[in-house]
Amino acid sequence: MKVLFPGSFHPFTKGHHDIVTRLLAIFDEVVVGIGVNEQKSQAGDHLERMAAIEALYADERRVSVVCYSTLTVNCAKEVGAKVIVKGVRSVKDYEYEREQAEVNRMLGIETLLLPATPELACISSSVVRELQHFGEDVTQLLP
């Protein structure tokens with residue numbers, strides 16, 4: 001079975017990498033979907049993010065990467081994914097993603113919420129970006 005793991009991945013963190021690794025143990029194929037919002041400042045670098053994720057999984061033929069600017073449900077249908085998978089780091093994430101999962105189900109796609117590995121739950125793309133902004137070394141947070 002093929003699954004879609006969507007996000008902005010700005011940047012793709014160790015937490016994201018952990019989710020993909022865990023999904024590969026369960027599913028046949030994982031499509032990493034980079035959602036592109038043309039109105040946000042990071043939208044222009046989606047091709048760089050795509051190339052970086054593709055390079056990370058160059059030796060894993062069961063992982064592919066796509067960029068999309070449609071509804072995530074439509075992307076899942078377009079790539080032939082039967083399930084959308086979202087990682088959740090906290091109760092706050094869970095509540096938001098649960099609501100999205102209900103809408104996704106109404107639109108014809110189930111969503112699996114996968115809890116973050118506890119030691120990686122504090123890592124978010126926004127934290128990494130903030131640390132980078134202030135000149136901190138973030139290599140330990142990235143795969």
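**Group meeting: a parallel sheet and its helices**

Let me begin with Glu-29, which lies in strand S2. Here strands are DSSP runs of E with at least two residues, helices are DSSP runs of H or I with at least four residues, and both are numbered from the N terminus. This is a predicted model, in which local features need pLDDT of at least 70 and side-chain atom pairs count only at pLDDT 80 or more, while totals for chains, interfaces and linings use all residues. Residues are numbered from 1 along each chain as its sequence is written, and side-chain values use heavy atoms, with hydrogens and water left out.

At 26% relative accessibility, Glu-29 counts as partly exposed. The term buried stands for under 20% relative accessible area, exposed for over 50%, and partly exposed for the range in between, with a 1.4 Å probe and protein chains only. Leaving out residues up to four places away in sequence, Glu-29 touches Met-1, Lys-2, Val-3, Arg-62 and Ser-64; contact means heavy atoms within 4.5 Å. Between the C-alpha atoms of Glu-29 and Gly-87, which are 58 residues apart along the chain, the separation is 17 Å.

I turn now to the strand as a whole. Of the 7 residues of S2 (residues 29–35), 5 are buried, so the strand is largely enclosed by the rest of the structure. S2 pairs in the parallel sense with strand S1 (residues 2–7) over 6 bridges, where pairing requires that DSSP find at least two bridges between two strands. Val-3 stands opposite Val-30 in S2, and Pro-6 has Gly-33 in S2 as its bridge partner. With strand S3 (residues 63–68), S2 is joined by 6 bridges, and these two strands also run parallel. Gly-33 appears here again, with Val-66 as its bridge partner in S3.

What is the order of the strands in the sheet? It is S3-S2-S1-S4-S5, an open sheet of 5 strands with parallel pairing. S3 and strand S5 (110–115) stand at the edges with a single partner strand each, so one side of each is left without a neighbour in the sheet. From one strand to the next, the twist averages 30°. Such angles run from 0 to 180 degrees between N-to-C directions, and the axes are lines fitted to C-alpha atoms, for helices over the stretch in contact.

Next, the helices. Helix H3 (residues 72–79) packs on the sheet, where it touches S1, S2, S3 and strand S4 (83–88), and its direction makes about 145° with that of S1. Helix H4 (residues 91–106) lies across S4 and S5, running at about 160° to S5.

In helix H2 (residues 46–56), the buried residues are His-46, Arg-49, Met-50 and Ile-53. Seen down the axis of H2, these fall within an arc of 100°, so they line one face of the helix; the arc is that of the directions from the helix axis to the C-beta atoms. As general background, an α-helix has 3.6 residues a turn, so residues three or four places apart point the same way. The buried residues of H2 pack against S2 and S3, whereas the face turned away from that buried side carries the exposed residues Leu-47, Glu-48 and Ala-55.

Asp-18 has its place in helix H1. Is Asp-18 buried or exposed? Asp-18 is buried, with a relative accessible area of 19%. Leaving aside neighbours within four places in sequence, Asp-18 is in contact with Thr-117 and Leu-120.

The loop between S1 and H1 deserves separate mention. Phe-9 is found there, and its phi is near 50°, a positive value in a residue other than glycine. At 2% relative accessibility, Phe-9 counts as buried. Pro-11 lies in that loop as well, and a cis peptide bond joins His-10 and Pro-11, with omega about 5°. For context, most residues other than glycine have a negative phi, and most peptide bonds are trans.

I close with the cysteines. The structure holds 0 disulfides, a disulfide being a pair of cysteine sulfur atoms within 2.5 Å. Cys-75 is in no disulfide, and the nearest cysteine sulfur, that of Cys-67, is 9.3 Å away. Cys-75 is buried, with a relative accessible area of 2%, whereas Cys-122 is exposed, with a relative accessible area of 60%.
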